[in-house]
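Let's sit down together and learn to read a few features of a structure. Bring your questions.

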Amino acid sequence: MGRQPELNGNEARDLLALLVQAVDKANQGLVVCNKKGRVVLRNAPARELVNARDGDFLAEKALEAALGRALAGAYHEETLDLYSPTRHTLKIRAYPLGGSNPPSGAIALVDDVSELRRLESVRRDFVANLSHELKTPLGALSLLAETLDGEEDPDVVARLTARVGAEATRFSRIVDDLLDLSRIEAGATGSLSAVALSAVIDEAVEGFQEPAAARGIRLNVAPASAVLNVMANRRDLVSAVANLVDNAIKYSEPGGAVYVDADRRGDRACLRVRDEGVGIPRRDQERIFERFYRVDRARSRWTGGTGLGLAIVRHVAAYHGGDVSVESVEGEGSTFTLWVPLANQGHVRD
Amino acid sequence: MPLLLVRHAHARPRKEWSGEDRLRPLSVHGERQAEGLVAIADLFLPPTRTLSSPYLRCLQTMGPLGRANNLAVEASDDLAEGQSSSAVRLIRSLAGTNAVVCTHGDVIAEILVTLADEDRVDLGLTPRQAKGSVWALEGKDAFFTSARYFPPVVAESV
C-alpha cells in the first residue's frame with residue numbers, strides 16, 4: 001500500500017460520501033466522535049440500534065460514556081442489557097483514534113448480541129438440564145443398589161429389581177431420544193422421498209391401540225378422504241406422529257378419546273392429533289417444544305416421558321419444511337397440528 | 001431448617017429371625033448407629049417431631065433421638081416398607097420443619113428420586129443411603145431445594 005495521493009476538495013468530498021455510504025452497509029453500529037467528543041459520524045446500523053427506538057436513552061448514555069473513555073486514551077468495552085422497548089443486549093466497544101496522547105477522536109462499535117446471548121443461554125440451560133436428567137436415573141440406580149445390598153426378602157428384592165429395570169429403561173430412553181434429536185438437528189437424516197401419509201399414520205399408531213385400550217381411551221384414526229403423498233423421511237415422520245399420539249394418550253383421562261386425521265391445505269398436508277385430556281396452560285404452550293421443558297413434572301414422572309418428544313417433533317417438522325403447532329384449553333384437551341409439504345402431484349383423488 | 005430423612009439402622013438378619021418381619025429388631029451394631037443418630041441430629045436445631053415407620057427396626061433407630069429430645073416417636077403407616085406416593089406426600093407436608101423421619105431403603109429411594117425429578121433437587125452422581133445414614137432436606141411449602149447426605153455414625157458403646 002502506497003501513500004494516499006493528495007486529494008483536491010471535490011475528490012475528498014466524493015471519497016467521504018463513499019465512505020459514509022460504505023459504513024452504512026456494515027452490520028455493525030459505528031459511531032465516530034472528534035477530539036471534543038462531538039459525534040461526527042453515525043452509520044445506519046448505529047442509528048437503528050441506538051437512536052431509532054424509544055427508551056434507548058440508556059444506550060445513548062452508555063455510548064457517550066464509552067466514547068468519553070476512549071477519548072481519555074483507553075479501550076473500553078461494555079455489555080448493556082436493555083429492557084425497553086424490547087429486551088435486548090448491546091455490546092459496545094470504543095477505541096481511541098489517531099494516537100492515544102491525546103487521541104484525535106474515538107470510534108465506538110455497537111453490536112446487537114441479543115440472539116447470541118439467547119443461544120448461549122439456551123445451550124447452558126440444555127447442558128444443565130441434560131446433566132440433571134441423566135443424573136436422576138443414575139442416582140436412582142445408586143440408591144436402589146444400596147437398598148438391594150443384603151436384602152433377603154424375595155418380595156422386596158423383586159420389587160426393587162423391577163425399579164432398577166425401570167430406571168435403566170428411563171436412562172436408555174433419554175439417551176435414545178438425545179441421539180435421535182442430535183441426528184435430526186445435525187441434518188444427518190438422508191433424503192426425503194414421496195411417502196403416503198396414511199401409511200405413516202398407520203405405522204405410528206400401530207403400537208398404541210393396545211395401551212390406549214388398556215387405559216380406557218379410544219384411539220380413532222379417520223380414514224383418509226384422499227391420498228396424500230408427502231415429501232418425508234418415513235422413519236422420522238413416523239416417530240414424530242408416534243410422539244404426538246403417545247402424548248395424547250398419556251395426557252388423556254380414562255374414558256377419553258384421541259383422534260388422528262389428515263387432510264390437504266394448499267400445498268401442504270395437515271395432520272391433527274386431538275385429545276380430550278388435561279390440556280396445556282396458555283403460559284406453557286409456547287415452551288412445550290423446548291428440550292426438557294415439562295408442564296407437570298409429577299405427571300411426566302409417572303408417564304415416563306423423556307422431555308424430548310416434542311422437541312423431536314418440532315425438529316422433524318422443521319427439516320421437512322413443515323411446522324407443528326398446538327391449540328389447547330385446560331380441562332378440555334389439546335390439538336397438535338403437524339404441517340408437511342406435499343410431494344409433487346401428491347394429491348391424487350381416490 | 002432441614003428435615004432429616006433417616007434410613008433405619010442395621011437390623012438383625014432375616015434368616016436369624018423367626019418372628020414377623022415388622023418386629024425384627026436392630027442388631028447390636030444397629031443400636032450403636034441409633035445412638036450415633038443423636039450425634040448427627042445434634043448438628044441441627046433440636047427436632048420438633050420424630051416420625052417413623054411402624055416397623056420395630058425404624059422405631060428403635062429413633063428411640064435414642066426421641067429420648068434425648070423428650071419426644072414421643074410417632075409411628076406412621078405412610079412410612080412403612082413398600083410405600084411410595086403416601087410417603088412422598090407426608091415428607092412434602094413436613095418441608096421446612098425440623099422433623100426427623102425414619103423409614104426403609106426402598107421408601108427413601110422413592111422419596112429422593114421423586115424430589116430429584118419433580119423439585120430438581122441435586123442428589124449428586126452416586127447418592128448413597130447406608131443403614132443409619134441421614135439425608136438433610138432443605139425446603140419449604142411442600143417443595144424441596146437441596147439435599148445433603150450424612151453417613152452413619154457409630155457410637156462407641158451403648
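What follows is a short dialogue about a predicted model.

Q: Let me start where the chains meet. How many residues does the contact take from chain A and from chain B?

A: A common general idea first: the size of an interface is often expressed as the accessible area that is lost when the parts come together. Here we can count residues instead: chain A puts in 19 residues and chain B puts in 23 residues.

Q: Which helices of chain A each supply at least two residues of the side that touches chain B?

A: They are helix 4 (114-148), helix 5 (154-185) and helix 10 (297-303) of chain A. Helix 4 of chain A gives the most, with eleven residues. Sorted by class, this side of chain A has seven nonpolar, five polar and seven charged residues.

Q: Then let me look at helix 4 of chain A. What span should its 35 residues have, and how far apart are its end C-alpha atoms?

A: The idea is to compare an expected span with the end-to-end distance. At 1.5 Å a residue, helix 4 of chain A should span 51 Å, and its end C-alpha atoms are 51 Å apart, so the two agree. Just past the helix, look for A:Gly150, which follows helix 4 of chain A and has a positive phi, near 85°.

Q: Which residues of helix 4 of chain A are buried, and what covers them?

A: Among the buried ones in helix 4 of chain A are A:Glu133, A:Pro137, A:Leu141, A:Leu144 and A:Glu146. The cover includes helix 5 of chain A together with helix 4 (105-118) of chain B.

Q: Now a helix pair. How do the axes of helix 8 and helix 11 of chain A cross?

A: Read the distance and the angle together. The axes of helix 8 (residues 234-250) and helix 11 (residues 309-319) of chain A come within 9 Å and cross at roughly 140°. That angle is why helix 8 of chain A counts as oblique to helix 11 of chain A. The crossing of these two helices of chain A is left-handed.

Q: Which residues meet there?

A: Helix 8 of chain A brings residues including A:Leu237, A:Ala240, A:Leu244 and A:Asn247, while helix 11 of chain A brings residues including A:Leu310, A:Val313 and A:Ala317. By class, the contact between helix 8 and helix 11 of chain A has eight nonpolar, four polar and two charged residues.

Q: Does A:Asn247 count as buried or exposed?

A: Count its neighbours. A:Asn247, in helix 8 of chain A, has 22 C-beta neighbours inside 10 Å, so A:Asn247 counts as buried. In sequence, A:Asn247 and A:Asp275 are 28 residues apart, yet their C-alpha atoms are 9.2 Å apart in space.

How values were computed
Residues are numbered from 1 along each chain as its sequence is written. Chains are lettered from A and ligands numbered from 1 in the order in which they are written. This is a predicted model: local features need pLDDT of at least 70, side-chain atom pairs count only at pLDDT 80 or more; totals for chains, interfaces and linings use all residues. Two residues are in contact if their C-beta atoms, placed from the backbone, lie within 7 Å. Helices (H or I, at least four residues) and strands (E, at least two) are DSSP runs, numbered from the N terminus. Ala, Val, Leu, Ile, Met, Phe, Trp, Tyr, Cys and Pro count as nonpolar, Asp, Glu, Lys and Arg as charged, and the others, Gly among them, as polar. Axes are lines fitted to C-alpha atoms, for helices over the stretch in contact, and angles run from 0 to 180 degrees between N-to-C directions. Angles under 35 degrees count as roughly parallel, over 145 as roughly antiparallel, 65 to 115 as roughly perpendicular and the rest as oblique. A crossing is left-handed if the near helix is turned anticlockwise from the far one by less than a right angle, and right-handed if clockwise. The expected span of a helix is 1.5 Å times one less than its number of residues. A residue is buried if 20 or more other C-beta atoms lie within 10 Å of its own, exposed if 12 or fewer, and partly exposed in between; C-beta atoms are placed from the backbone.
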